[in-house]
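Notebook open. I wanted to go through the domain contact, the core and the aromatic rings, in that order.

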Amino acid sequence: MLGRVILDHGKHKVVIDKVSILSTQEELDGPLVGEGLKAFSFSAYVGESSEISHDAARREIHGLLQQILNAGWQPLVSRSRPRLQGRYRLEHTLATSNINGLDPAYLPTLEEW
């Protein structure tokens, strides 16, 4: 049975369906005790079937990222990393293994995907 995750951070609320795995972390010792979640990760299915095309997966994942961005969530970019966007960030990440990853607002072409 798949679940639903609700990321409710005030006005930045996102609902994610078809979640199969959820992992969270919270400080139990030290100065951040009681501050809430420190980190979370989840895995969710995209599409209605277990087999979908690469293009359908690309569009579904981009839609999920857009939902998160539209709710007001913003990607964290380390201070030491360049503030690249779109394809420039993709190219930089592929060339350098940038830990900041990809620009969630950028829809890669099917070839880039």
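**Domain contact**

I looked for salt bridges between domain 1 and domain 2 (a side-chain nitrogen of Lys or Arg within 4 Å of a carboxyl oxygen of Asp or Glu) and got zero. This is a predicted model, where local features need pLDDT of at least 70 and side-chain atom pairs pLDDT 80 or more, while totals for chains, interfaces and linings use all residues. Residues are numbered from 1 along each chain, and side-chain values use heavy atoms, leaving out hydrogens and water.

The domain assignment (automatic or from a database) gives me 1-45 as domain 1 and 53-112 as domain 2. Together they bury about 600 Å², 70% of it on carbon and sulfur atoms; that is accessible area (1.4 Å probe) lost on being put together, summed over both. On the domain 1 side, H12, V14 and I16 supply 56% of the area buried against domain 2.

**Core**

I then pulled up the largest nonpolar core: V5, L7, V14, I16, V19, I68 and A71. A core here joins buried Ala, Val, Leu, Ile, Met, Phe, Trp, Tyr and Cys residues (under 20% relative accessible area) through side-chain atoms within 4.5 Å.

I16 also touches residues further off in sequence (heavy atoms within 4.5 Å), among them F42, A44 and L64.

**Rings**

I found one aromatic pair. The ring centres of F40 and W73 are 6.4 Å apart with planes at 85°, so I logged it as edge-to-face (centres within 6.5 Å; planes over 60 degrees apart, against under 30 for stacked and the rest tilted).

Key. Phe/Tyr/Trp six-rings, centres within 6.5 Å; stacked < 30°, edge-to-face > 60°. Buried < 20%, exposed > 50% of the residue type's maximum accessible area, 1.4 Å probe, protein only. Buried area = accessible area lost by both parts, 1.4 Å probe. Lists of a residue's contacts leave out its neighbours within four places in sequence.
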